[in-house]
Amino acid sequence: MTTISITQTKTVLAAIDIAKSRHEVLIAIPGKTRRRRLTVLNRQEDFDRLIATLTAYGLPVRVAFEATGNYHRALSYRLGIAGFEVKLVSSVALARTREALNNS
């Protein structure tokens with residue numbers, strides 16, 4: 001019989017609210033109860049600051065956001081080439097989840 005060891009990798013989670021001129025970021029760090037908030041302007045210097053902040057944790061990073069027009073494209077590209085796992089969340093799925101939570 002083969003024994004399989006399952007280890008859970010701790011991951012930094014970042015949720016980004018995309019907007020035209022600035023993005024609001026909420027970062028959940030494993031082992032911490034409080035979440036960190038950042039405002040990132042839609043420009044390269046701020047993207048680099050966010051990448052440096054997320055990299056500094058020394059853990060894998062998963063980023064999720066809802067696409068808003070085309071405003072998410074530059075940031076998602078930069079996060080992807082920085083090596084982060086980038087997830088696009090469907091606006092339909094968000095609306096249905098909100099409805100389910102409100103009706104329960």
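**Notebook: the two sides of helix α2**

I looked first at the outward side of α2 and noted that R73, Y77 and I81 are exposed there, where exposed means over 50% relative accessible area, buried under 20% and partly exposed in between, with a 1.4 Å probe and protein chains only. I reminded myself that this is a predicted model, in which local features need pLDDT of at least 70, side-chain atom pairs count only at pLDDT 80 or more, and totals for chains, interfaces and linings use all residues. Residues are numbered from 1 along each chain as its sequence is written, and side-chain values use heavy atoms, without hydrogens and water.

Which residues of α2 are buried? I found L75, S76 and L79, within a helix that runs over residues 73-81. They lie on the same side of α2 because they cover an arc of only 95° around the axis, the arc being that of the directions from the helix axis to the C-beta atoms.

I then checked what covers these buried residues, and the cover includes β1 (12-17), β2 (22-28), α1 (44-55), β4 (61-66) and β5 (85-89). After α2 comes G83, and I noted its positive phi, near 100°.

For the whole protein chain, I read the order β-β-β-α-β-α-β-α along the sequence, with 3 helices and 5 strands; helices (H or I, at least four residues) and strands (E, at least two) are DSSP runs numbered from the N terminus. Of the 104 residues in the protein chain, 23% are buried.

How values were computed: Contact means heavy atoms within 4.5 Å.
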